[in-house]
2 protein chains.
Amino acid sequence: MSYSISNKFKNLKPSAVREILKATNEPGMIAFAGGSPSTDAFPCDEVKILANEILSENPISALVYGVSEGYEPLRKTVKEWLKNRENVGTDDDTIVITAGGTQVMDITTRVLTTEGDTIICEEPSFIGSLNCFRSHGCNLVGVPIEKDGMNIDELQEVIKNNKNAKFIYTIPNFQNPGGTTMSFEKRKRLYQLAKENNLVILEDNPYGNLRVDGEDVPPIKSLDTDGIVVYAGSFSKILAPGIRVAYAVVPKKIAGAFVIGKQVSDVHTGVLNQMIVSRWFDEYDVDSHIEKIREIYKHKLNLMCDCLDKYCKDFISYIKPQGGLFIWAKLPDDVDMIEYVNKLINQKVAVVPGTAFMIDDSKPCHHIRLNFSTPSDDDIIKGVKIMGEIAKEYK
Amino acid sequence: MSYSISNKFKNLKPSAVREILKATNEPGMIAFAGGSPSTDAFPCDEVKILANEILSENPISALVYGVSEGYEPLRKTVKEWLKNRENVGTDDDTIVITAGGTQVMDITTRVLTTEGDTIICEEPSFIGSLNCFRSHGCNLVGVPIEKDGMNIDELQEVIKNNKNAKFIYTIPNFQNPGGTTMSFEKRKRLYQLAKENNLVILEDNPYGNLRVDGEDVPPIKSLDTDGIVVYAGSFSKILAPGIRVAYAVVPKKIAGAFVIGKQVSDVHTGVLNQMIVSRWFDEYDVDSHIEKIREIYKHKLNLMCDCLDKYCKDFISYIKPQGGLFIWAKLPDDVDMIEYVNKLINQKVAVVPGTAFMIDDSKPCHHIRLNFSTPSDDDIIKGVKIMGEIAKEYK
């Protein structure tokens, strides 16, 4: 006899899908499986200058303990920036700086749920968030997504049948992996449904700034007159992910518990990291930077779509997303997906099989997720060509 | 009706003690209440040089996503350093880099416990860890500490009476707040008891490198031939806390779950932060730095003890710790502690009332925790003088 791991973590044992994901990290792989922003978009020189300024002028303040809410000047900057840019946040909301976006999902789950509670998710959805929710012993119930976001009629049914649901998790812009953007009409219906059923909405918006086509849709949080939406945003995709700075906009009722949740998780986010982001806003034009990097993403998205149309026509279909990092590509129903993904890996092309993003990953799923931001242009062309060659085997 | 906060967080509502702690952050306060290392001990110039080198030579690698286990060169360095310095870690252990030491407590609790489980703690113990455990819905049971560490006979009783205990939490070196160091004899008995009862030991050692007197005692982890000890160490006290880099040495059986726990918490620790620490080891002599900063701590500890002996004799008694950051000072039993602490605050001297560190903070406690590392020498003298003046009111 010996001690044992908690049940909620026992259930998170590596699945077949995770084993495939491991293989995708091997050297020489063409990385369509990642979720990284484009390294061409990192403001490397700026970060170097900013770090040097901070550590020259005020090293102690960058190295002492910070407060759990986050570095005050950054909180203030984010508050104003979000208000101007997206009409997000009121005086009743609290900005909390977190160590990456996943921490917002983690703390929200800790604060709102108890083991055995239900979380309503889009299906498919981001595997990182799903695993975070699972690690708290929560049950996940999925609502299918359509080309304009969550199926709201289905959501209504799911709410009716899951009385112990605590919140609804959504990625309304350029959903991961689906690529879809929720219409404003659906956002309003979702908000209304949540309100009527005493549910919180966890709105995850890591990709919102990476729109390359179409018009911005107001965030659900911009409708939040009732204090029921926790909004998660991040600097991972517009500055760089390794710096681990993100933020939550938290309604009054949850704010106190959320800050304690941050405190018991890691006390506070790295101070130097937060000061770099804060000073980035002070000394550079962040909005212009975003405009600039959108061109990089637009180019890469178009390139991958052009290649798919050229090399994989009649085998792979997709709806072109208006932004983000991913294309959710559909294969014919008779393709054995595990076999197909392994064939790609053998040819050094890594993609993520769609089942990884399902609530129940034993369900059939004939999609793959393709990331166009990480690979170089040459790799995009080369990789999709290889996909085209393999497609021929299925004719 | 509306949504609600989970019970485990509802129970973490601010206590009277926490309200006092808030007041201690007011400007002009003499900071005996903090837990920060001395800013005189921060290697500021080195951090600036290292950050600049990293962001000049290899900015992309500092800004991309990292892996959940941590930056590989740092993991390797920490592994060797711990082995040489403390005989901690075997080939069966995994080093995981965390965002500060608290995250080790948090992930260990997630991985090993379920709501309602029991965690055995020293009493008093570090409020940050206690609140972390509480936030997971765990019950805490306290074992009193003596001048040579936990009362092991009492521990045996507590284990017998708490069959759903999952692990024992201990700070064996210069305990926070008690200042005590557990004897080697007690470490061996503790290990044996844990082993016999299928309990994990969570050994928290943030202060071990800050010994200013006496001989090092081998860590409990150095006895761990059975893979039952999770060991937490940190760079917060020897480099700087704002950088948020710490580490866990995790036995094989727990390692997989622990890494998933890290992943669902915040994906990975900031890469630049980890690279700074890694390169600090490569380019500077960390052991010499530790020797140097020990002198700072020795000086400050001696200064505070001398002042206490001079100004507060017959009112405040204490056992001088051999290292760490804190003096656990005892007041006469008839002193109303809340009144006393508020008197100090009114005179701009902030201390933490001992009840903050008790498992049940409604129990009487006639101690205060004094931190000697944060305040300047002048403030130490001035603050203890004020304490002496207030002591006179109790004669």
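# Exercises on a predicted two-chain model

In chain B, Asp204(B) has Ala232(B) of strand β8(B) as its bridge partner. The model is predicted, so local features need pLDDT of at least 70 and side-chain atom pairs count only at pLDDT 80 or more, while totals for chains, interfaces and linings use all residues. Residues are numbered from 1 along each chain as its sequence is written, chains are lettered from A and ligands numbered from 1 in the order in which they are written, and side-chain values use heavy atoms, with hydrogens and water left out.

## Exercise 1. The surroundings of β8(B)

Determine which strands pair with β8(B), and in which sense.

*Solution.* Step 1. Helices (H or I, at least four residues) and strands (E, at least two) are DSSP runs, numbered from the N terminus. Two strands pair if DSSP finds at least two bridges between them.

Step 2. Strand β7 (residues 200–204) of chain B is joined to β8(B) by 4 bridges, and the two run parallel. Strand β9 (residues 246–251) of chain B is also joined to β8(B) by 4 bridges, but here the strands run antiparallel. Ala232(B) has Asp204(B) as a bridge partner and, in β9(B), Ala248(B).

Step 3. Burial is assigned by relative accessible area: under 20% is buried, over 50% exposed, and in between partly exposed (1.4 Å probe, protein chains only). In strand β8 (residues 229–234) of chain B, 6 of the 6 residues are buried, so the strand is largely enclosed by the rest of the structure. Val229(B), Tyr231(B) and Gly233(B) point one way, whereas Val230(B), Ala232(B) and Ser234(B) point the other way.

## Exercise 2. The sheets

State the strand order of the 8-strand open sheet of chain B and identify its edge strands.

*Solution.* Step 1. The order is β2-β9-β8-β7-β6-β3-β4-β5 (chain B), with mixed pairing. The edge strands are β2 (93–98) and β5 (149–150) of chain B, each of which pairs on one side only.

Step 2. At the β5(B) edge, strand β4 (residues 139–146) of chain B pairs with β5(B) in the antiparallel sense over 2 bridges. There Glu146(B) stands opposite Gly149(B).

Step 3. Helix α8 (residues 152–161) of chain B packs on the sheet and touches β3 (118–123), β4, β5 and β6 (165–170) of chain B, its direction making about 160° with that of β4(B). Helix α10 (residues 252–266) of chain B lies across β2, β7, β8 and β9 of chain B and runs at about 140° to β9(B). Axes are lines fitted to C-alpha atoms, for helices over the stretch in contact (heavy atoms within 4.5 Å). Angles run from 0 to 180 degrees between N-to-C directions.

Step 4. In chain A, 4 strands form an open sheet in the order β10-β11-β14-β13, with antiparallel pairing. Its edge strands are β10 (317–318) and β13 (352–353) of chain A.

## Exercise 3. Aromatic pairs

Classify the ring pair of Tyr207(A) and Phe326(A).

*Solution.* Step 1. Rings of Phe, Tyr and Trp (its six-membered ring) pair if their centres lie within 6.5 Å; planes under 30 degrees apart count as stacked, over 60 as edge-to-face and the rest as tilted. A search of the whole structure finds 24 aromatic pairs over all chains.

Step 2. The two ring centres are 6.0 Å apart and the planes of Tyr207(A) and Phe326(A) stand at 90°, so the pair is edge-to-face. Tyr207(A) lies in the loop between β7 (200–204) and β8 (229–234) of chain A and Phe326(A) in strand β11 (residues 326–330) of chain A, 119 residues apart.

Step 3. Tyr207(A) is buried, with a relative accessible area of 5%, and Phe326(A) is buried at 2%.

## Exercise 4. Relation of the chains

Find the rotation and shift that superpose chain B on chain A.

*Solution.* Step 1. Copies are superposed by least squares on the C-alpha atoms of residues with pLDDT of at least 70 in both. The result is a rotation of 180° with 0.0 Å of shift along its axis (RMSD 0.0 Å). The two copies are thus related as by a two-fold rotation axis.

Step 2. In chain B, the C-alpha nearest the axis belongs to Asn52(B), 3.2 Å from it.

Step 3. Of the interface residues of chain B, 100% are also interface residues in chain A, so the copies meet through the same surface.
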